[in-house]
Amino acid sequence: MRIPGWSLAAAVLLATVGMISCQKAGPSAEGADVRLQGSGASFPFPIYSKWFKVYSQAHQNVEIDYQSTGSGSGVKSFIDKTVDFAASDKAMTPAEIGRVAAGVQLLPLTAGAIVLTYNVPGVKELKLSREAYVGIFLGRVKKWNDPAIVKTNPGVNLPGSVINVVVRADSSGTTFVFTQHLSAISKEFAASPGKNDMPAWPVGTRSKGNEGVTASVQTTPGSIGYIEYGYAMSQKMPMAQLENKSGQFIAPSTASGQAALATMNLPEDLIGWAPDPEVKDAYPIATFTWLLCYKKNPDPRKAEVLRDLASYILTDGQKESEALGYLPLPDAMATKVKAAVQNIQ
Amino acid sequence: MPSEAQICKPPTRSQAVTDTAFRALCQGFTWLVAIIAVIIVLKIVVAALPAVRQYGFGFLSGHVWDPHKKVYSILPEIWGTLYSSVLALIVGTAFGVAAALFLAEGFTADAVFALLKIVNLQFHPFWGKFPVQVENLLSNLIELLAAIPSVVYGLWGLFVIIPLIRPVCHWLHADLGWIPLFGTNLSGPGMLPAVIVLSIMILPTITAIARGSLLAVPSRLRMAAYGLGATRWEAIFAVTLPTASRGIFGGIVLAFGRALGETMALAMLVGNANVISVSLFSPANTLAALLANAFPEASPKDVGVLMYAAMVLLVITLLVNVAGAYMVQFTAAELEGEKV
C-alpha cells in the first residue's frame with residue numbers, strides 16, 4: 001500500500017498546528033500573576049486542596065498547585081528548591097533544616113488523630129488499655145477474649161477468635177505517628193519494631209493506604225487496624241476508646257484531639273510532638289502536620305501571597321477543618337503560628 | 001491503451017522528500033526507544049550502586065526488611081514475585097488457551113449456528129452473520145479486560161474476591177491443612193487473591209495472541225488432517241495447536257513479563273508481609289509491591305536500597321524474557337516437527 005504524499009504532509013502539518021495551538025493554550029489558561037508550586041504529605045491533602053481552592057477563588061491572580069507526593073519526597077523537593085513550599089507530617093530533622101540556606105519556617109496549620117478501627121461482630125463499643133493495644137500490635141495479645149481486653153470491657157461479649165491485625169503496607173506519616181506513640185508508651189515496642197514510616201511489624205497483614213486498611217478491616221471479621229480519624233469518620237468505621245496517660249478511656253473526637261494538642265508547648269521552630277499527652281481528657285494519638293516555607297523567598301510577591309494564605313488558613317480556614325475530619329488548632333496556638341508567619345520574607 | 005509515460009513515471013520531488021523524511025522519522029523514533037531503554041537501565045544501576053556496595057549479595061539472601069534497624073534484604077520479595085507470577089501464569093494459560101481455542105476453532109460459531117438452525121434462520125441474510133459476530137464480540141470482550149485499570153482490579157479483589165473465597169479457604173485449611181498449599185489460614189490479603197486477580201489480568205494477553213496464532217494456521221493443514229481421517233479433537237491437538245505453538249508460547253512469555261511487573265493490584269492484594277511460604281493463603285510480598293509501598297515516603301538513604309531492589313526486578317524480568325525466547329525457539333521447533 002502506498003500512502004499518498006499529500007496525506008502524510010497534511011498529517012504532519014495538522015500535528016504541528018495542534019502542538020502550537022496547545023502551547024498557546026498553556027499561558028492563556030494561567031492568567032495568574034503569582035503561581036505557587038508545592039508538594040508533600042498526603043495526609044493533609046484533602047484540607048489543603050480545599051483551602052487552596054477557596055483562596056485562589058477569592059484571589060483571581062493567584063494559582064496554587066499542590067501535589068500529594070508523600071512527606072519524604074516533599075522534604076526532598078523543598079531541599080532541592082524545586083517547589084515554593086512543601087508539606088510534611090514529620091516536620092524536618094535539624095540536619096535537613098541545615099541544608100536549606102534560605103532558612104526554613106515550619107507552620108503547623110492543621111492536625112489529625114489516629115484511631116483504632118475494628119470489626120468484631122456484636123461489639124459496638126470497645127475500650128482498650130495501653131497494655132492491650134501495645135500487646136495487639138506486638139503480637140502478644142492474640143485473641144479477642146484475652147484477659148487484657150476482657151478486663152476493660154465488662155459485659156461485652158468478646159469472641160474467642162484470633163485477632164487479625166491490619167497495618168499499613170506503604171510507608172506513611174500515619175504509621176510514623178502511630179509507632180511514635182507506641183514507642184513512647186512501651187519500651188519493648190521502642191526497641192523493636194520502633195518508630196518508623198514502615199517498620200518491620202512482628203504481626204499482621206499489610207494493606208496499602210487508609211483505604212486498604214479500611215477495606216481489610218471491613219471485610220475480615222475479627223480485625224483491628226489503625227487509620228486516620230478523618231477517614232474513619234467519613235467511612236463511619238467503629239473506633240476504639242483508648243486509655244491515655246491518666247488512665248482514662250477516651251473516644252477520638254475533635255475536643256479530645258484538641259486537648260492533646262493543647263498539651264504541647266510549641267518551641268521557637270514550631271516543631272512539637274505529643275507522643276503521650278498527660279491531660280486527663282486528651283486522646284492519646286494526635287499530631288500536627290506542617291507547611292514548609294522558605295524564610296527568604298527570591299520573589300517578594302510569592303512571599304506576600306504565602307503570608308496572606310497562611311493568615312487566611314489560621315483564621316477563617318480553621319472553620320473548614322472539622323467537617324473534613326481534621327483538628328482545628330487551639331486558639332492560643334493559632335496566634336503563636338500567626339506571629340511566625342511574618343518570618344516569611 | 002495508455003502510453004508508457006502514463007503507466008510509469010519517476011516520483012515527483014514532493015514524493016521523494018516525504019519518502020526520505022518518513023524513513024528518517026521512523027529510524028529516529030526507533031533509536032529513541034532504544035536509547036530511552038538504555039538510559040533507564042543506566043540510571044537505575046547508577047542509583048543502586050552505593051547500596052550494592054554496602055549490602056552486596058546478602059541483600060538477595062536475607063529475610064528482613066527493617067528500616068528502623070537499617071537491615072534490608074529481599075529474598076521473600078523475589079520468592080513472592082516468582083511464585084505469584086508462575087501460579088498466575090499456570091491459571092492464566094489454562095483458561096487463556098482454552099478460550100482462544102474455543103473462539104478460533106469455530107466452536108462458538110457452531111453453537112450459534114445450531115441455535116439459529118432450530119428457528120431455521122441459519123442462512124438468513126441478517127441473522128446468518130451472527131455466528132461470526134458473536135465470536136468477534138466475545139474476543140473483544142476478553143481483550144477489554146486489558147483496559148481495566150490496575151487499581152480497579154485491586155479494589156475488586158479486596159471487596160469481592162477475598163470475601164468470596166474466604167469460606168472455601170477456611171474449609172480447605174481446616175480439612176486439608178496437612179497439604180502445604182493450604183498450610184495457613186487466609187486472613188484477608190494473601191497469595192491466592194493476588195494470583196486470581198493477576199491471572200485475570202494476564203488473560204487477555206494470552207487469549208489475544210493465542211487466538212491470532214491459531215487463526216493464522218493455514219486451513220489446508222486442518223483439511224489435510226481431516227482427509228487423513230482425524231477427528232476434530234485429533235486435528236486440534238495433533239495439527240493446529242503444535243503449528244500455532246510458537247505464537248502461543250510467545251504470548252505466554254509476554255504475559256509472564258506483565259505478571260512479574262504488575263504493581264498496584266498486587267500491592268493491594270498480596271498482603272505485603274516478608275514471608276516465604278508455599279501456602280496459597282499466606283500473605284506474601286513482591287518486588288514491585290515493595291517498591292510501590294516504600295517509594296513515596298522514602299528518605300534519600302532508602303532510595304538507594306529501593307533502586308537495588310528495582311535493579312533485581314529488572315534483571316529477573318530480563319532473564320525471564322531471554323529464557324522465554326530460547327524456550328519458544330526450542331519447544332516450537334520440536335512441536336512443529338521438521339519443515340517440509
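## A strand covered on both faces

In this predicted model, strand β6 of chain A is covered on both of its faces, with A:Asn164, A:Val166 and A:Arg168 buried on one side and A:Val165 and A:Val167 buried on the other. Because 5 of the 5 residues of β6(A) are buried, the strand is largely enclosed by the rest of the structure.

Two strands of chain A pair with β6(A), and each can be located through one residue of β6(A). Strand β8, residues 223-228 of chain A, runs parallel to β6(A) and is joined to it over 3 bridges, and within β8(A) the bridge partner of A:Val166 is A:Gly225. Strand β7(A) is also parallel to β6(A), again with 3 bridges between them, and here A:Arg168 stands opposite A:Ser207.

## Where chain A meets chain B

The strands β6 (164-168) and β7 (205-207) of chain A also appear among the elements that give two or more residues to the side touching chain B, together with the helices α1 (5-29), α3 (71-80) and α9 (209-219). In this interface, 31 residues of chain A are in contact with 29 residues of chain B. By character, the residues on the chain A side divide into 9 nonpolar, 17 polar and 5 charged.

## Chain A as a whole

Chain A contains 13 helices and 11 strands, and along its principal axes its C-alpha trace spans about 80 × 65 × 35 Å. Of its 345 residues, 46% are buried. When contacts in chain A between residues at least 6 apart in sequence are considered, 70% of them join residues at least 24 apart.

## The nonpolar cores

Which residues touch the most other members of the largest nonpolar core? In this core of 86 residues, they are A:Val115, A:Leu116, A:Ala286 and A:Leu292. Strand β4 of chain A, residues 104-119, supplies the largest share of the core, with 9 residues. Once neighbours within four places in sequence are left aside, A:Val115 is in contact with A:Tyr226, A:Ile227, A:Tyr229, A:Ala232, A:Met239 and A:Pro252.

A second core, separate from this one, has 72 residues, and B:Tyr72, B:Ala265, B:Ala310 and B:Leu313 are included in it.

## Confidence of the prediction

For chain B the average pLDDT is 88, and 96% of the residues score at least 70. For the complex, the predictor gives an ipTM of 0.73 and a pTM of 0.79.

Conventions:
Residues are numbered from 1 along each chain as its sequence is written. Chains are lettered from A and ligands numbered from 1 in the order in which they are written. This is a predicted model: local features need pLDDT of at least 70, side-chain atom pairs count only at pLDDT 80 or more; totals for chains, interfaces and linings use all residues. Two residues are in contact if their C-beta atoms, placed from the backbone, lie within 7 Å. Helices (H or I, at least four residues) and strands (E, at least two) are DSSP runs, numbered from the N terminus. Ala, Val, Leu, Ile, Met, Phe, Trp, Tyr, Cys and Pro count as nonpolar, Asp, Glu, Lys and Arg as charged, and the others, Gly among them, as polar. A residue is buried if 20 or more other C-beta atoms lie within 10 Å of its own, exposed if 12 or fewer, and partly exposed in between; C-beta atoms are placed from the backbone. Two strands pair if DSSP finds at least two bridges between them. pLDDT is the predictor's confidence in each residue, from 0 to 100. A nonpolar core is a set of buried Ala, Val, Leu, Ile, Met, Phe, Trp, Tyr and Cys residues joined through C-beta atoms within 7 Å.
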